[in-house]
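Here is a short report for a first look at this structure. Keep the view open beside the text as you read.

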Amino acid sequence: MNRHRTQRIGYAFLALVTLAVVAPILVVVGIIIARGFGAISWEFISAMPYDGMKEGGIFPAIVGTLLLTLGTALAAIPVGIGGTIYLAEYARDTWLTRCIRLAIVNLAGIPSIVYGLFGLGMFVLFMRMGTSILAGSLTLAIMTLPVIISTGEEALRAVPTEFRTVSASLGGTRWQGIRHVILPQALPGMITGIILGLLRAAGETAPILFTVAAFFLPRLPSSPFDQTMALPYHLYVISTQVPGMPQSIQYGTALVLLALVLSMNLVATVIRSYFRRRRQW
Amino acid sequence: MVEPKIRIENVSYSYDGKRIMNDVTLDIEANAITVFFGPAGGGKTTLLRLLNRLNDLVEGTQMTGRILLDGEDIYTPGTHVPNLRRRVGMVFALPLPLPGSIRENVLYGPQLAGTRDSRRLDEIIQRSLTQAALWDEVKDRLDSPAVALSGGQQQRLCIARSLALEPEVLLLDEPTSGLDPISTKKVEESLFELKEQYTVIIVPHSVQQAARVADHAAFFLMGELVEYRSGNEIFTTPRDKRTEDYVTGRFG
């Protein structure tokens, strides 16, 4: 066969595969927008729900998801970055660090409902936090850590060793080299891991099921020890637990969750490209 | 001979159980250019990296013997290694600018060492870039990215970066291996000026370069120090047959 034709067939195949990946996303987003857009109104995103959640808005669920994501970020980012730096830059290759790495890889594969049960046993009951934003955030943070750490380690290892040597040769301590030379170069990659982890946390239902989520709570939480509604759980509730729920509210809620997650993604991408530009090469 | 700047005593070194340097002893004179030369794998770079403890960063190595800087053993427990590396600076074969501007590159060492005064920092920039024969080419764009410089300029920037710390000893590991002849000439010329002030140890990238710059020269072969004499003698009338074969180009 003529090689130009082979190439054209190859391209066509790749285009088809790409389409097969992109099409479902477009269809899902399209359906959600088409069916949910009618429900969106100022009242829908700013009012409390009432009349068995069939009327009013989803404001407490939006606030709850934002608070949970914030709490997850506060808990997961410092621990995640610290653990990443330790594993990639300080830890020597011993059986202990190998066990830690193995544990992290395995943690990434654990079903989210298991994290939910762990959170219930550990934070809610054993540490007596009760079902609270604190317990839910910590549960989500633990679920997020493996993603943050494994992508972060990749990013740090991608920075050539020679930079560490150069920094050391100029009288830099190991930490100074990491702080001034290695981290700035690895940061965009590390932020990618943080974004992925936090977005997954924002959309999870199972880990918050037993640890924080309220079925119906038409007021805002006043402290980290309060329960709260949250968008993914609210969506689950109104889709399966409440008979006679208008479909537009279900899709409207899904649309708000989607928009929230995508806009957080956008903000994070802007932050990342800022760091990437600052790197200057 | 006056007190040597560096005294290397019976140094042996192995990596992963494989011996790569065997019982090397030599003294290095202050304010002179000493050359370590010989075929690849002879242990020149390894010895260079032992002199400022850069090999500490490598795992699975073992060293015996002593290395004295001004009479003090640099491998004594409790040695402040960052300070040692400020006294014994190093320039690598491949120029590797740190991310950031020319200014940031030159000032990296002094700032980590705690120099804050901006007048002092400006002096350091001008002095070290001038010593590295780069000042005239970059004085108007100190804040542009260092990677935008040509290869030869980058290497002189790396020299300037080391000189910014005013080290007592400057180690250069094939500093001109990636450079064109003109840049090489500039670097070599700056070496002659540097030895007034510093003790220079260089692994040259060719025998010709070794002969051009050496006050003293040490010939290394497979981890052994074969011959160590003044530059004039070793390149014109080598004593050891192996040295002679190498400098006359019969092998290597």
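## A helix enclosed in chain B

Right after α1(B) comes B:Arg53, a residue with a positive phi, near 60°. This is a predicted model. Helix α1 of chain B covers residues 44-51, and eight of its eight residues are buried, so the rest of the structure largely encloses it. The buried set includes charged names as well as nonpolar ones: B:Lys44 and B:Arg49 are among them. B:Leu47, B:Leu48, B:Leu50 and B:Leu51 are also in the set, along with B:Thr45 and B:Thr46.

## Strands and the nonpolar core

Strand β6 of chain B spans residues 88-91, and both of its faces are covered. B:Val88 and B:Met90 are buried on one side. B:Gly89 and B:Val91 are buried on the other. The strand runs parallel to β7(B), residues 169-173, and four bridges join the two. In one of the pairings, B:Gly89 has B:Leu170 as its bridge partner in β7(B).

Which residues have the most contacts inside the largest nonpolar core? They are B:Val35, B:Phe36, B:Ala160 and B:Leu171, in a core of 134 residues. Helix α6 of chain A, residues 133-157, gives the most to this core: 14 residues. B:Leu171 ties several of the parts above together. Leaving out residues up to four places away in sequence, B:Leu171 touches B:Leu48, B:Leu51 and B:Asn52. B:Leu171 also touches B:Val88, B:Gly89 and B:Met90, as well as B:Ile201.

## A loop residue in chain B

B:Asp215 sits in a loop of chain B, between α8 (207-213) and β9 (216-221). Is B:Asp215 buried or exposed? B:Asp215 counts as partly exposed, because it has 15 C-beta neighbours inside 10 Å. A residue needs 20 or more to be buried, and 12 or fewer to be exposed.

B:Asp215 and B:Ile33 are 182 residues apart along the chain, yet 5.2 Å separates their C-alpha atoms. Beyond its neighbours within four places in sequence, B:Asp215 is in contact with B:Ala32, B:Ile33 and B:Thr34. Its other contacts of this kind are B:Ser230 and B:Gly231.

## Chain A overall

Chain A has 11 helices and two strands. From the N terminus, the order is two helices, then the two strands, then helices to the end. The C-alpha atoms of chain A fill a box of roughly 70 × 65 × 35 Å along the principal axes.

Of the 281 residues in chain A, 38% are buried. Among contacts in chain A with a separation of 6 or more, 76% link residues 24 or more positions apart.

## A bent helix

How far does α8(A) span between its end C-alpha atoms? The span is only 38 Å, whereas a straight helix of 30 residues would span 44 Å. The helix bends by about 60° at A:Leu183. A proline, A:Pro184, follows within four residues.

## Where the chains meet

The two chains touch: 19 residues of chain A are in contact with 21 residues of chain B. On the chain A side, α7 (161-169) and α8 (174-203) each supply at least two residues. The largest share, seven residues, comes from α7(A). By type, the chain A side divides into seven nonpolar, eight polar and four charged residues. The bent helix α8(A) is thus part of the side that touches chain B.

Definitions and conventions
Residues numbered from 1 in each chain as written. Chains lettered and ligands numbered in written order. Predicted model: local features only at pLDDT ≥ 70, side-chain atom pairs only at ≥ 80, totals over all residues. Contact = placed C-beta atoms within 7 Å. Pairing = 2+ DSSP bridges. Core = buried A, V, L, I, M, F, W, Y, C linked by C-beta atoms within 7 Å. Expected span 1.5 Å × (residues − 1). Bend = angle between axes of the 7 residues up to and from the residue.
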